[in-house]
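Biologist: Could you take me slowly through one part of this model, the place where two chains meet, and then add what can be said about the rest of the chain on the other side?

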Amino acid sequence: MDSLQQPVLEMRGISRSFPGVRALHQASLRLHAGEIHSLMGQNGAGKSTLIKVLTGVHAPDAGEMRLHGECIRPDSPLAAQQLGIATVYQEVNLCPNLSVAENIFIGRFPARRGKIDWAALNREARDELGRMGLEIDVSAQLDTFPVAIQQMVAIARAVSMDSRVLILDEPTSSLDDDEVEQLFDTMRMLKGRGVAILFVTHFLDQVYAISDRITVMRNGECEGEYLPEALDRMALISKMIGRAYVPPGEACPDDENRTESSNAALLSVRGFGRRGLMQPMDLELRQGEVLGLGGLLGSGRTETARLLFGADKADSGEIEFSDGIHNSHRPFSSPREAIRAGLGYCPEDRKTDGIIAELSVRENIILALQARRGWLRGIPLRQQRAIADHYVDLLGIRTPDAEKSIGKLSGGNQQKAMLARWLATDPAMLILDEPTRGIDVAAKQEIMEQVLALCRKGLSILFISSDLDETVRVSHRVAVLRDRSKVGELAGNEVEEGAIMQIIAGSERMELR
Amino acid sequence: MTKAFRLIEDARRHPLVWPLLTLVVIVLVNVFAHPGFGPQGFLHVGVREGHLFGALVDIANRAAPLMLVSLGMTLVIAVRGIDISVGAVVAISAAVAATLIGGTLVIENGAPVYVSKVPMALALLAAVGAAALCGMWNGALVAGLSMQPIIATLILMVAGRGVAQLLTDGQIITVYYPPFFFLGSGFLFGLPFSLYVVAFVLAVLLCLTRFTALQLFIQSVGINPVASRLAGLNARALTFWVYTFCGVCAGIAGLIISSNVKSADGNNAGLLLELDAILAVTLGGTSLAGGRYSLWGSVIGALIIQTLTYTIYSIGVPPEVNLVVKAIVVFAVCLMQSSAFRVMVFRRGSLTGAEV
């Protein structure tokens, strides 16, 4: 990449403030043709705002943007699109009820004599996806495909508009490894065509796997632009968080060498499952233990969590739950029952299953506790405030005060508030489903440290993460799932990435349970 | 200076500002049309036969049934529902009460005495009970069978009038039992009794809001039912009881209405009341999308509608166009309350309202 060459896109001195927040201050960014440029930074560093300024969602208070050397000032996403700046967001924002082809060409259907030319539409959609190595039925409704495919469709849409600049805002957070690889192939193909790609992600591996250049943001300012070979991981993380980075090795289970916990079992299930959802399985969780659920996306991790929590009803199996106070012998028939017994569940999809967006942080935090107390015995406002403030402090939730709507916080802070919701109920067991998805490195570390500290005090945790490395790091034992059944279990020193991968891959080395 | 500005700014953002402003404007129109505190003035409040009377008292009294129904409707709307059967429930409740009370004149020891068929307390209880059953039916359909609220309550909206006519044999039943009239046209300590009923229901709701977690639960279920269930709320039970409560409110409103007109008309009692109630809730600032709600707002909304109706008659709008006038005013109010419209017109708020 020749840095003398004129950049396709240049943002210089961009500032943008919102009431009470300085989101961007003198930020700058350069994108060259045919490069993959990673934008790194913690949540709240200003990445999203920078992208929103670039795509015309927000107008900058100061600064200038140049595309091919010419000053631009898009005032809407549509205007940006017409300039050749296309964006694919973290949450797929297409129309789930339309076909794949319709989604790709929405708003610019090929027409013949005033009528939509459906044949051409489908043919062009097939071609477009074919170039990305994807062969699917383009006339099928979009939501019949997994999120990964939908993501590819969104990219195909962006690419088909002949964009010179493509922004990918955390496109990989819901993809598994194969799908990520597929996405990378597409990105390399586009790079070959001379498209400038701005890639936002939280996964360091991916940054180093594909980036030509990295821009790091912190506190709304651009920390600097680097070549990946000149910036090792430690250095990158330090620049992102603005302080020396404590390697994640520190956040390990208490024991020196993962000795199997000899504590009493808190929860054990036998032949537990639901027809069509999860094959019957046995599982045991001891007090003060972190049990990881390993497996690929769609292997049944979330399904297992929901069954245990009573969100979906198990139709077979026995359960033994006992923390000395509560006892239960049959599967929980509702989340309510599970919560009464001392369980908590941080769901995978914060937005739809977790937060009550328009309610305040305080109300969100006390919700589960209040639900357990019943509607009649309201927690006095003063006590609510005390609880909320306590957890805002304890977990470092960054919010002006606990009365702010939770929907306005960043993802990491929402996740911390979800954690607070369950900690406030003083649970015996927590199910954490992807607790660190879409969260920056520092917040991730903070959350995991909090969780492990609680474990040391006797809390049991069922831990689910797509990040195998993370699962290995925090779990005492790992149960491995494949195709909606449990295919193995690792304990103590056996817990390592390779071993889990082997079981997932179907090697019979481990005893199958 | 800045403090005063801040105060104004806070007030401008208070959710009750627009409803209150609307009410004040409509009242002002009346004041201009009939100025002064004299007997002809709109603001005149006099004392007659030991109780207050005047346009304001009259409006409040007539708004009582609508306020009650709106309170119930507010909670239903807050849990993402809607209840279009309240008008029919009013008719059922009125029919039950009127049929059970009836009333005949008998001469007892040489003095004429009115006697009810069934003790009045029992009749009132039966009427409210019937209304509660109606609410439970709606609740069961919506919460139990997950029917679309508008369809579920449409069933009772249509069937309810039939039930009411069945009860009254298709006749308009006239009540001859003066104690019953107290409910809708009696006075207590100088004020219409119906207002005490409204005050009581409102007070109960406000107390529940203050001391229990009801408001939190209702809003939570209204905003995100899925997440609420995962947080341990029993969304179904809550929804069921909210519809039941709405039925009870409509039932009490039915009693007041039938008491006021001393009869029960299965066909016309509470006709189109559901639409007025939905309108009152909306005018009060509660979003039809569910979630955050305002009880005071709905009360004010009901007063706006009643004052508007009064105004149209009192300033002499010809009867054949009064619905059009009403619609235009409502349209204007809704327009003013729409933030998108305000941004369009005033070109402000677009920057300050942006989210980070």
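Modeller: Two residues count as being in contact here if their C-beta atoms, placed from the backbone, lie within 7 Å. The model is a predicted one, and with that cut-off 25 residues of chain B are in contact with 30 residues of chain A. On the side of chain B that touches chain A, the elements that give two or more residues are helix H9 (214-223) and helix H10 (225-230) of chain B, and H9(B) supplies the largest share, 6 residues. Sorted by character, the residues on this side of chain B are 13 nonpolar, 9 polar and 3 charged.

Turning to chain A, its domain assignment gives domain 1 (9-245) and domain 2 (249-505), and the centres of these two domains of chain A, taken over C-alpha atoms, are separated by 32 Å.

Chain A also has a helix called H9, covering residues 301-309, and because 8 of its 9 residues are buried, this helix of chain A is largely enclosed by the rest of the structure. Among the buried residues of H9(A) are A:Arg301, A:Leu307 and A:Phe309, and just after H9(A) comes A:Gly310, which takes a positive phi of about 85°.

Chain A further contains an open sheet of 4 strands, in the order S14-S13-S16-S17, with antiparallel pairing. Strand S14 (278-286) and strand S17 (327-328) of chain A stand at the edges with a single partner strand each, so one side of each has no neighbour in the sheet. Strand S13 (residues 265-274) of chain A is joined to S14(A) by 6 bridges, and A:Val269 has A:Leu283 in S14(A) as its bridge partner.

Conventions
Residues numbered from 1 in each chain as written. Chains lettered and ligands numbered in written order. Predicted model: local features only at pLDDT ≥ 70, side-chain atom pairs only at ≥ 80, totals over all residues. Domains from an automatic or database assignment. Nonpolar A, V, L, I, M, F, W, Y, C, P; charged D, E, K, R; others polar. Buried ≥ 20, exposed ≤ 12 C-beta atoms within 10 Å, placed from the backbone. Pairing = 2+ DSSP bridges.
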